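Here's a quick look at one model, covering a sheet and some enclosed space.

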Amino acid sequence: MTSRSTLTAWLAGLDAPRLSRVLGIRKDAVASPEPRSMEELAERLLRPGSVALVLPQLPLPCLQVAETLAALGAPLSRGALAKALGATAPTASRELNAVLEALADRALVWSDGDGNLRMVAPLRQAWDAPLGLDAPLGELLEGVTSEELRGMLVALGIKPPGTRRQRTAAVLEHHSDPQRVAAVIAKAPSATRQLLERRAKSAPQDTEFVVFGAPMANVPLGERWALDRGFLIRDLHGYGPGRIPAEVTLALRGPGWSAPFDPVPPVAELVPVTAVEVEREATAAATAFAIHAASVLSACSAAPPVRLKSGGIGARELGRIGKAAQADDAVVRITLEVAYSVGLLGADGDRIAPTAVYDTWAVQEPAAQFADLLHAWWNLQLTPSQSRDEDNKSLAAVAGAPRCGACLQARRGLLAAAAALPEGQGVRVGTDLGPLVAWHRPLAHPSFQDETPFATAVREAELTGVIARGALSRIGAALATGDREKLAVACRQLLPEATRTARFGGDLTAVVTGTPSVCLAELLDSAADRESSGTASVWRFSGDSVRRALDTGRTPDEISAELAAVADGPLPQPLSYLVADAARRHGRMRIAPAACVIHSDEPALLAELAAHRALAALGLRQLAPTVLVSGSSPDKTLASLRSQGYAPVAEAADGTVRIEKAPSRRAAAAPAPRKATTKAGTGRSARRTAEAPAAVDPSALAVRLLVTPPTVPEPDPFGTGVLLGTDTEEIVTGYAKHLTYTDIRQLAHAIDTGTAITVEYVAASGNRTVRTLGRLELDPPYLEAWCHLRDAERVFTLSRIHGVMPAWADDRA
């Protein structure tokens, strides 16, 4: 590892080309770097988060070399590193040099003036246990007392020196010799050897921890032998887990062990493929995607999709958009996610609608539109076409998924893998690139829905034309550079200009080859139904589609003129006949809004009403000599006409005259005053304002419920002549619309007397349950009660109670 001054000195000694690669900027920007800028750069590279940003972008051999350096520590000679990696052969040595150059270009590892390799300090913290090794011996000995060090040296047969520093150095010197360590362990008890060998093969987190606080005397015999000699070290002066130093682990692994080093990518099955074949297939895929993407966004413009309450666009809306655009689910999801990320779509209340940026984007040529979408896809930190979660449940689109750096690196690794293929060669199928992606970006994780590694990323690249015939296309190569201008040029070379004319056929179809312009697509969408999209798009005219165009207020002549303006020849006669026939039938009947109808056998009287200034507020309109429609309600219309001296009568729905005789209203006898109560334990005033009446015999209650009163005083909500006996019954009647009168009386009686009752309740989800309730408190429109099923206080909505019965014997309060 290194300090800021060491890193600053190394940066200051770099030439302009190397420094430009380290900084990732142009050479002319670093021709004469200032010392102060080098110090600031070193400070930035030594920040803890700097390594975390770089490591996901590295291929497998770079990560392997960096992990080995982190495990063995720095400074380290290049020869020691090569030996640890098993890269001493000439070919492997050259490959190691290339890896070290790549790490130096990222300012992670470099060689100092003495030929030793150094690394930035945060690199060691990137792995909890690099190569499965625990901390080095020197770090573990920091918590060991001088007396414990003396005991280790005595057990090893070494005369202990006097000071703690000297004793530490003696233990370090002994353990730094792998052969001496292996020789001592070879003489250990069998249990100790097995314990240490098992620890050496596993990562530190897999070790068996002793119980915290267990004294040294209770340590098993095999482990105690290793602890006495420093082959296992316990923290906190004898307490905590036993840890095996890195030097001991390497000694146990033996001289034949080497760290993994795979400088060559895995071999894939390649097939010959010409550049013409790749470009032809890439052009077809890119053109189809551009057309479908424009159609998807056009469908969102015509009818913005509704967002789910949980956020995002659900499966139903996705299906509607896909049907309108003739695009499959993956294309719809990619387009929506990409468009949302660059601001072509935005949240508008409960919908996702196009923004003003979309209007500017929509008038561009297809190549420019596609380049914008493709560049956004390249930088998208999620997998847009993923439609299922880990539980195989449908995922909403544009739902604000968390950022996923691994998804972005999977895309980058895919293009790096395809770019590394030999010229004129491609993989047999696109998914064969998966192992190569894993080599180029080991820290990128495939999607959990992938049947083969990185299948989703490959599918997205093929849909957009980035990968074709198992090889990298021209637009893929331009995309990998990150240069938007190069990408725009490549898209212009592959995608044709927008088509502004259509070929109309006698079978009532319109065919557009290539990508239709926005104006052409909108015109055809307004008067015909899209049947297919791709390298050629097809629309079909019908009576319903032409009727839609007429509904927008256009005349048949205007529709015919607009279609003729975009036709590459004269309009077919069947299409002209269809437009004329649809126009002839259009509007033969009309639908007018009306709150009520006024009719009379006297046309002169209705004409007088229509012209009456004082009745203008009613919105009267004469449909026929004997019929007027009013925009106001029947009661308001009646009152207004009568206020002007007219004498209209009201009709019922069946045409009979409605008799307006109001029945006499009588107040019910006032109940006896009741004492207010307070709910125990809450301090809240109870909502029942009546003293509970005396307990009623069940037989007497049954007789009371079955007796029909001889008179019918108000209120009579059922129209059956049944009397409401108490205020509670009247309140329950107003809210519990699903209950019979018998159920209402039972429920009201339970509320008034405080007895338990069993109800059939329909929850908001639609589930029906039977609940036994006690401690009833009426709080219209709610009923507070103790639910015996849940054994807790619950609030029930009166309107959701669909049945009442006496409390079950074993559940009564």
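What follows covers the model itself, then the sheet, then the cavities.

## Ground rules

This is a predicted model, where local features need pLDDT of at least 70, side-chain atom pairs count only at pLDDT 80 or more, and totals for chains, interfaces and linings use all residues. Residues are numbered from 1 along each chain as its sequence is written, and side-chain values use heavy atoms, with hydrogens and water left out.

## The sheet

Three strands (DSSP E runs of at least two residues, numbered from the N terminus) make an open sheet in the order β1-β3-β2, with antiparallel pairing. Pairing here takes at least two DSSP bridges between two strands. At the edges sit β1 (76-77) and β2 (109-111), each pairing on one side only.

Two bridges link β1 to β3 (residues 116-119), and leucine 76 stands opposite leucine 117 in β3.

## The cavities

There are two cavities of 30 Å³ or more. A cavity is a set of points on a 1 Å grid over the protein atoms alone where a 1.4 Å probe fits but cannot get out, and lining residues have an atom within 4 Å of a point. The largest has about 40 Å³ of space, a volume being the space filled by probe spheres set on the points. Its lining is Phe289, Ile334, Thr335, Val338, Leu373, Leu374, Trp377 and Thr464, with α18 (329-341) and α20 (366-378) each giving two or more residues.

The second largest cavity comes in at about 30 Å³. Ala290, Ala293, Trp361, Pro366, Gln369, Phe370 and Leu373 line that one, and α20 supplies the largest share, four residues.

Definitions and conventions: On a 1 Å grid over the protein atoms alone, a cavity is a set of points where a 1.4 Å probe fits but cannot get out, and a pocket is an open set with protein on both sides within 12 Å along at least five of seven lines; lining residues have an atom within 4 Å of a point.
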